[in-house]
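User: I have a model open and would like to learn how to read its features one by one. Where do we begin?

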Amino acid sequence: DLLFPHDSVFGISATIYVYSNIRLIGQGFPVIRAIGAIEGAMIQFGKTTATITDADTNPCHNSSIEGIEVDGNDLVTAKDWDPLGLLAAGLDSALVYVWRNSTRNKILNCKIHSAECDIVGSEDGSDFLEVVGNEIYGLTTTSAASQFANLINVDGSTNAIISNNKIHT
């Protein structure tokens, strides 16, 4: 477990990768805030090797983020996996993102807001995902990838529980 103390603010300028069997736990809603431009994800369960076809690389299992405010500060934007424009820009992007084939991960009682990409997202093969008791808001759609700008995007996941979230536009 990694504990974040009450009344703390942690500034980041790159993606935080969460690996299997790790819990990020906040005491009294500490803040993790983007302080520099981040493309793709602010907090990502599992890790890609930077190609859109690497479905089986580094999935994350049995991890969670709980009781933390994740503030994208409007500095997190959709990842452009394909600068040549052959694929849709914005795939695999979210403030809190669950990578492919990850299982039994949880996003619980968090405040997650302020980005130009999905706020919470999961990718193909993610199974038994729980998104429960969160406050989710602050979506901006000024990026070219606005079709991937959702508050919660469960893409290809099975057995997901999405419950008791407060959603603001």
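Analyst: We go through strands, sheets, the core, cysteines and two backbone angles in turn. Keep in mind that this is a predicted model.

User: How many helices and strands does the protein chain have?

Analyst: The protein chain has 0 helices and 19 strands. Of its 169 residues, 46% are buried. Among contacts with a separation of 6 or more, 72% are between residues 24 or more positions apart.

User: How do I read a sheet, and what is the strand order in the open sheet of 5 strands?

Analyst: Strands of a sheet pair through backbone hydrogen bonds, either parallel or antiparallel. Here the open sheet of 5 strands runs in the order 3-7-11-14-17, and the pairing is parallel. Strand 3 (16-18) and strand 17 (152-154) stand at the edges with a single partner strand each, so one side of each has no neighbour in the sheet. On average, neighbouring strands of this sheet are turned by 15° against each other, direction ignored.

User: Over how many bridges do strand 14 and strand 17 pair?

Analyst: Strand 14, residues 118-122, pairs with strand 17 over 3 bridges in the parallel sense. To find the register on screen, look for Val-120, which stands opposite Ile-152 in strand 17.

User: What is the order in the open sheet of 6 strands, and which are the edge strands?

Analyst: The order is 2-5-9-13-16-19, with parallel pairing. Its edge strands are strand 2 (9-12) and strand 19 (166-167), each of which pairs on one side only.

User: Which residues stand opposite Val-9 and Gly-11 in strand 5?

Analyst: Strand 5 covers residues 31-34 and pairs with strand 2 in the parallel sense over 4 bridges. Within strand 5, Val-31 stands opposite Val-9, and Arg-33 stands opposite Gly-11. Strand 5 also pairs with strand 9 (residues 69-71), again in the parallel sense, over 3 bridges. On that side, Val-31 stands opposite Glu-69 in strand 9.

User: Now the interior. How many residues are in the largest nonpolar core, and which have the most contacts inside it?

Analyst: In soluble globular proteins, nonpolar side chains tend to be buried together. The largest nonpolar core in this model has 30 residues, and Met-42, Ile-65 and Ile-112 have the most contacts inside it. The elements that give two or more residues to this core are strand 5, strand 7, strand 11, strand 13 (111-115) and strand 14.

User: Next, cysteines. How many disulfides does a search of the whole structure find?

Analyst: A disulfide is a covalent bond between the sulfur atoms of two cysteines. A search of the whole structure finds 0 disulfides.

User: Are Cys-60 and Cys-110 buried or exposed?

Analyst: Cys-60 counts as buried because its relative accessibility is 0%, under the 20% cut-off. Cys-110, at 1% relative accessibility, counts as buried too.

User: Where is Cys-60 found, and what does it touch?

Analyst: Cys-60 is found in the loop between strand 7 (41-45) and strand 8 (64-66). Leaving out residues up to four places away in sequence, Cys-60 touches Val-18, Tyr-19, Ser-20, Phe-45, Gly-46, Ser-102, Thr-103 and Asn-105. Cys-60 and Val-98 are 38 residues apart in sequence, while their C-alpha atoms are 7.9 Å apart in space.

User: Ser-102 is in that list. Is Ser-102 buried or exposed?

Analyst: Ser-102 counts as buried because its relative accessibility is 1%. Ser-102 is found in the loop between strand 11 (94-98) and strand 12 (106-108). A polar atom of the Ser-102 side chain lies 2.9 Å from the backbone oxygen of Trp-99. Beyond four places away in sequence, Ser-102 touches several residues, including Phe-45, Pro-59, Cys-60 and His-61.

User: Last, backbone angles. What is the phi of Asp-7, and what is the phi of Asn-62?

Analyst: Asp-7 has a positive phi of about 60° although it is not a glycine. Asn-62, also a residue other than glycine, has a positive phi near 60°.

User: Where do Asp-7 and Asn-62 lie, and are they buried or exposed?

Analyst: Asp-7 lies in the loop between strand 1 (2-4) and strand 2, and Asp-7 counts as exposed because its relative accessibility is 65%. Asn-62 is in the loop between strand 7 and strand 8. At 41% relative accessibility, Asn-62 counts as partly exposed.

Note on methods
Residues are numbered from 1 along each chain as its sequence is written. This is a predicted model: local features need pLDDT of at least 70, side-chain atom pairs count only at pLDDT 80 or more; totals for chains, interfaces and linings use all residues. Side-chain values use heavy atoms; hydrogens and water are left out. A disulfide is a pair of cysteine sulfur atoms within 2.5 Å. Buried means under 20% relative accessible area, exposed over 50%, partly exposed in between (1.4 Å probe, protein chains only). Two strands pair if DSSP finds at least two bridges between them. Axes are lines fitted to C-alpha atoms, for helices over the stretch in contact, and angles run from 0 to 180 degrees between N-to-C directions. A polar contact is a pair of N or O atoms within 3.5 Å; within protein, one must be able to donate a hydrogen and the other to accept it, and residues adjacent in sequence count only if both atoms are side-chain atoms. Contact means heavy atoms within 4.5 Å. A nonpolar core is a set of buried Ala, Val, Leu, Ile, Met, Phe, Trp, Tyr and Cys residues joined through side-chain atoms within 4.5 Å.
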